[in-house]
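Me: Please take a close look at a single part for me, the interface between the chains. I am new to this, so plain terms would help.

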Amino acid sequence: MTVEDRVRIVRAILRKEYRHIFRDPRSLIAAFAIPIVLLMLFGYAIDFDVRHVDVGVWDEDRSQESRDLLGHVFASGTLDHVLDVSSEEEADRALVRGDVKVIVHVPARFARDLARGDGATVQSIVDGTSGPFAGLALAYVQGSVARYGATLASTQLAAAGLSDLPERIPPLAVRPRTWFNESLESRQFTIPGLIAIIVMMLAAQLTSQCVAQEFERGTIEPLIASPMAPWELVLGKLVPYVTIGLGQVTLVTLLALFWFRVPFRGSFLLFAFASGMFLVGSMAIGLLLSIVTRSQQLAQQMALLMTMLPSLLISGFIFPVRSMPFVLQVVSLVVPARYYLSIVRGVMLRGAGWAAMAPDLMFMAAFMLLITGACVWRFKKRLA
Amino acid sequence: MISGRRLAAVARKEFIQLFRDRRMLPMLFIAPVVQLTLLGYAANYDLKAVTLGIVDQNRSAMSRRLVDAIDQSQTFEITEYDRPEALESGLISGRIEAALEIPPDLDRVGESGDRASIALLLDGSNSNRALATRGQIESIVLREALPLTDLVLRQRGLEGVEVKAPVTVVPKILFNPTLESRVFMVPGVLAMVLTVITTTLTAMAIVKERERGTIEQIGVTPIRASEWILGKMAPFIGVALADVVLVTAVALFWFHVPLRGSFVLLTFLSMCYITTTLGLGLLISSLSSTQQQAMLTALMILLPINLLSGIFYPIENMPRAIRGFSLLMPLRYFGIALRSVFLKGGDLSSLWDEAAAMLAIGIVTLAFAIMRSRRGFR
């Protein structure tokens, strides 16, 4: 067989695959509409900045001082004063029912303790099941109470003629500066991640069906009977879906840049290259499952198992990989979304270059070659 | 009238068919357990293993003490660099998430009475992590600064004056005293795993028969549409219940998540929830003509359901329109109910509105799905 023959065969397969795809316009439209809808939805909905925390107040002191303190607590607008309770039972009930996440409890001795100079305490009862917000809400309350304390201290020091002291103590201070997301909006972090997740999920699912479908329908027979080599079939099946995938990536990234104003500080070429490799790898997973299981139901279940849930939870999309147990960090090495996510975030948010992203790129390349190779090998076995 | 005998016959056939492919068994029973185990470990918001780069331009006993204090907090993975420029490239490449520059005059601060400032550079990409890192570093530095504060005060003749914060906050944390995120994430992950399995199973079920043409064969039997559909779902209900027991066992005995409420209530709530996922899967089935479409539709619906359910991201933060929409999502109620039953010891009286919402949505979805399927049946 000459090279021309092989090229002709591959082109024939490509034509057939493209025709299949366009014959099902609903799937095609869905393939482009879904990513857009999802990005819009999550871009607006996913926001884990602490904006509102419902807080209840249990003020047993009811003094001018306690009112001042509470004024400081609710001054920032992040903590919302939504209800008042007057006993421990009421406080517990409010927390169990979820009406409030935190209860600020000012004990009856508050003003007295302040006046005596002994140091007063305020209790904050937090619903520990409210997730990361428990910790953050606590931090907000502590911060505003500390600010109240600081104003008290300044007044006292000024009265003693030591008003320059607050600027000198403590003698060590931290001067923080934030890079890459100065406004500290969680959206800037989530959206690049979403690009990766959305595309990844669709990728594997699309291909997981295609070969299994042929096995189930019996249309695989003519392919087996033909003089086609397995790698030509794999190539022919992957290319059309990868093109669709690249279209999805472009669409979704443009949306992120121009609608959500997520920055793009790095190289487009690097981004495109990584996206291409990622798509090939993910689709090859679906293809491999297809070939191995020959059953659409099973292929789909396995594709879901291996792509959606791990990609969501172990890739670093929501939770940082570094804070996971070692075993999981090792498992995440085989989740391709992890590398793609790292590259997307690096390129878009930090302007990282080829050298910085080299380890991730290498892993992705290795992964892609491995899986595509496995596809060809398994398909050869099936055909034999 | 629905004939119990015909329904039972269909259910038996479905059981046999489902388990005929032995490879499905691990998918149905082992996969949820594996998923919960993996994801239960992955899901955590705790501040750990923050990569921190430090440039110590002072190299005195005091600066070493500061670096030690940071190291001992067990929160950071410290790498020391020689030059501040290296910190920059570390941040850009992502090798470090935060960088600390200790100024050369750190240890002379006591004498001059001036304030020394330590520059902290934060990678703001993950904003909550950045904020938490800043808080940690600030509190460590504050602690280390206390002896210096005494020094300054002594210089001013204020010896022995204890600088104390006038007001301190004493936290009391209910239900999860260690604030371990795993404890509240596991019930949520449980709900998610159940959702994915039951919805996708049901979604593929009817489409498969439609693709194969076996629906027409059923059509010539006296079996009615409702009997056929309910019988079809029978094995899935069984699988789902078994999964509830299995993953709850993992949550209790592996993750040591407390179950402060009753197991019976847990099962009841799960049943209420399963009616909704079965209904949803059925609806997807009736809307699709090929398995590929069913799968794509299921995926398109499952991703928003999981991410907007309030399990990973707070519903309070979402725009009002989406928040309203989430009222229609059974997973939202199931997530709340599970957390309450596991961690707060919630009972039926505090959860009846969640149960009612799920049942209502489930029955409506099922009825609607059955009506739609009936049309394609005859």
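Reply: Here is a tour of the interface, with each term explained once.

This is a predicted model, where local features need pLDDT of at least 70, side-chain atom pairs count only at pLDDT 80 or more, and totals for chains, interfaces and linings use all residues. Residues are numbered from 1 along each chain as its sequence is written, chains are lettered from A and ligands numbered from 1 in the order written, and side-chain values use heavy atoms, leaving out hydrogens and water.

In chain B, 107 residues are in contact (heavy atoms within 4.5 Å) with 113 residues of chain A. Together the two chains bury about 10,400 Å², meaning accessible area (1.4 Å probe) lost on being put together, summed over both. Carbon and sulfur atoms carry 66% of that area.

Between chain B and chain A there are two salt bridges (a Lys or Arg side-chain nitrogen within 4 Å of an Asp or Glu carboxyl oxygen). Lys344(B) makes a salt bridge with Asp127(A), with the closest N and O atoms 3.3 Å apart. The interface also has 13 residue pairs in polar contact, both at pLDDT 80 or more; that is N or O atoms within 3.5 Å, one able to donate a hydrogen and the other to accept it, while residues adjacent in sequence count only if both atoms are side-chain atoms.

Which element of chain B gives the most to the side that touches chain A? That is H6(B), with 15 residues. Helices here are DSSP runs (H or I) of at least four residues, numbered from the N terminus.

Definitions and conventions:
Helix = DSSP H or I, 4+ residues; strand = E, 2+ residues; numbered from the N terminus.
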